[in-house]
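Please look over the sequence and the coordinates shown below before reading on. The report after them works from the whole chain towards single residues.

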Amino acid sequence: MSCCKCKEHHWRDPQPTTYSDEAGQEYCLFHAPTEHKGMSVEDFNVQVFARIDAIKGRNTSEGKNENCYLSGTVFPGDISFWMYDENNPLPEISFYQATFGGSALFWETTFGSKADFSKATFSDVAEFVSTSFNNESNFSRATFIGRVEFGSATFCNAASFWKTTFNAPTDFSSATFHGEVDFGEATFEGEAGFGGATFSYETNFVEGRFNGEAYFGEAIFGGVSYFQGAMFGGKADFRKTKFAEETYFSEAWFSSEAQFRAIKANNKALRLHYLSSASLANLAFTSMETESFSFKGCDWPERLWPEAQNKPDYKACEELYRSLKQKAANEHDQPMVSKWHYREKLMALEQIQAAHGWPAQVSLTGVYYWCSGFGEDPSQAFRVLVILVVCALLALCGFKLWETGISGQVAWDKVLEIPVELLMLVPFTKSPTTNTLLGGLLGPTKALVTSLLHIVFAVQIALFAFALRNRFRR
Ligand SMILES: [Zn+2]
C-alpha cells in the first residue's frame, strides 16, 4: 500500500510508507504525524530540502517548470528556508494543507514561481520578512496561530489571503503588492499592521474582521480598494494614507476611533456609504479631509468625534462643521445643511463661553441660540414667543393694578382692556390714537415698556418665521 496522504494530495511520486496507524492507514515520512517521524527535526528538514533540490535540478536539466508537492506535509518543528534566496529561488511549490509544527521561517526567501499555502496551518511564528513572491501566492483559508511577519515582503503577482485567519499580531508593514490583493473575509485577531504598505492594484478587504487595532498609516492604495462590510473592532488608523482611486467603505463598522486625518485622496474618493451612527461617531477627520469623503445613506450622530473628546478644540470643530455644511450645500442636501449649521454655530458659542464664561449666554450668538436654535428650531422660537406673550400679559396686569390700586372690587372695564392692549403690542397692528395718556411716573414707564415689547415681539416673530421657513425649505 502507498501513503494515504500522497494519494489524497495527488503526489506524482507517492513516497514509501514508514508508519501505519491503528486504523491501518499508511503514511510516508512527509505525511506521518509529528510523533511518528522516526527521526530528528533537523534530519526531517534535510529530507524536505533534498526533495526541493531534486525538483529544482530536474527542472533545470530538463527545462521544465515542475511543481514541488509538499501538500499535506507535517513539519514537526522549526524550519528555515533561508538558503532559497534570489540566487537560488524555490520552484513552484505547494504547501496546501501543510502543517508547520514549529516556526516557519521564510526570511528573505524567494519564491521563483507560484506559492500555494492555502489551508496551511502555522502553529508558531511565521516569518516572511523581505520575502519575494515572484508569481502568484495563495494563503487563502490558511490559519496562523503565532505571530506573522510579512514586513517588506514583495508580492509580484496576485496575492490571496481570502478567509485567512491570523490569530496573533500580524505585520505587513512596508510590504509591496504589485498584483491584485484579496484579504476578503480574513480575520485578524491581533493587531494588523499595514503601515507604509503599497497596494499597486485592486485591493479587497471586503468583510474583513479586524478584532485588534488596524494600522494602515502611510500606506498607498494605488488601485480601487474595497472595505465594504469590514469590521474594525479596535482602533483603525489611516493617517497619511494615500488613496489614488476610489475606496469603498460602504456598511463598514468602526467600533473604536477611526483616524482619517491627513489622508491624501481625490474629491469624494472615499465612499463612506450606509454607515451607522455609532460608526460615524468614531470617524476622526478635520475640515481638511471633508472633501475626500462621499457620504450617502448615513445615519449621523449628534456629535462628531472631535467634539466628543475630553477637551475639544472648538475652533477646529466649528471649521469641521462648516466644511460639512458647505459640502452638503454643494450637494443640495438641505436637511444636512441645517444640521451642520446648528453644530457650527454651537461651536462658535462654545468658544465665546470658553473665553468669557456665562456672559456668553447673553451675547448675540447666545441669544440667537436661545431664541431660535440658530434659526433652525421653529419649536424653540415658538416657545420663546409664548413666554414673551405671557410676560407681556403679566406686565399689562401689573400696570392695570397700578392704575386701579388693589381693592376688593374687580374693575371689569380695566380687565377687558388687557387683551386689546396685548394685541396692540404685536407689531404692524395699528395703535388706536385714543390711547389714554397716563400722568405721573406710570405714563413714560408704560410707554417705554410697550416700545421695548414692540421691538422684542417683532424680532422674535421674525426669528420664528425664519426658523419655520428653514424647516420647510430643507
Ligand atoms: Zn505521503
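What follows describes the overall dimensions, the parallel sheet, two helices with the loop between them, and some backbone angles.

The model is a predicted one. Its chain holds 9 helices and 40 strands, and the C-alpha trace extends over about 125 × 45 × 35 Å along the principal axes. The radius of gyration is 37 Å, whereas a compact globule of 474 residues would have a value near 23 Å. Of these 474 residues, 37% count as buried, and among the contacts between residues at least 6 apart in sequence, 36% join residues at least 24 apart.

An open sheet is formed by 11 strands, paired in the parallel sense, in the order S3-S6-S10-S14-S18-S22-S26-S30-S34-S38-S40. Strands S3 (68-69) and S40 stand at the edges with a single partner strand each, so one side of each has no neighbour in the sheet. In general, strands of a sheet pair through backbone hydrogen bonds, in either a parallel or an antiparallel sense.

At one edge, S3 is joined to strand S6 (residues 93-94) by 2 bridges, and the two run parallel; here tyrosine 69 stands opposite serine 94 of S6. At the other edge, strand S38 (residues 270-273) pairs with S40 in the parallel sense over 4 bridges, and leucine 272 has phenylalanine 295 in S40 as its bridge partner. Phenylalanine 295 also belongs to an alternating pattern along S40 (residues 293-296), in which Phe293 and Phe295 point to one face and are buried, while Ser294 and Lys296 point to the other face and are not buried.

Helix H6 (residues 364-372) has Tyr369, Cys371 and Ser372 as its buried residues, and glycine 373, with a positive phi near 55 degrees, follows this helix. Helix H7 (residues 378-404) has 27 residues, and its span of 39 Å from first C-alpha to last is close to the 39 Å expected at 1.5 Å a residue. The buried residues of H7 are Pro378, Ala381, Val384, Ala392 and Leu396.

Is glutamate 376, in the loop between H6 and H7, buried or exposed? Glutamate 376 counts as buried, because it has 20 C-beta neighbours inside 10 Å and a residue is buried if 20 or more other C-beta atoms lie within that distance. Leaving aside neighbours within four places in sequence, glutamate 376 is in contact with Ser338, His341, Tyr342, Ala467 and Asn470. One of these, tyrosine 342, is 34 residues away along the chain, yet its C-alpha atom is separated from that of glutamate 376 by 6.8 Å.

The table lists residues with a positive phi.

| Residue | Phi | Place |
|---|---|---|
| Glycine 373 | near 55 degrees | follows H6 |
| Glycine 405 | about 75 degrees | just after H7 |
| Serine 152 | about 60 degrees | loop between S16 (148-149) and S17 (154-155) |
| Glutamate 185 | near 60 degrees | loop between S22 (181-182) and S23 (187-188) |

Most residues other than glycine have a negative phi. Serine 152 has a positive phi although it is not a glycine, and glutamate 185 likewise has a positive value in a residue other than glycine. As for their surroundings, serine 152 is partly exposed, with 19 other C-beta atoms within 10 Å, whereas glutamate 185 counts as buried, with 20 C-beta neighbours inside 10 Å.

How values were computed. Residues are numbered from 1 along each chain as its sequence is written. This is a predicted model: local features need pLDDT of at least 70, side-chain atom pairs count only at pLDDT 80 or more; totals for chains, interfaces and linings use all residues. The expected span of a helix is 1.5 Å times one less than its number of residues. A residue is buried if 20 or more other C-beta atoms lie within 10 Å of its own, exposed if 12 or fewer, and partly exposed in between; C-beta atoms are placed from the backbone. Two strands pair if DSSP finds at least two bridges between them. The radius of gyration is taken over C-alpha atoms; the globule rule is 2.2 Å times the number of residues to the power 0.38. Two residues are in contact if their C-beta atoms, placed from the backbone, lie within 7 Å.
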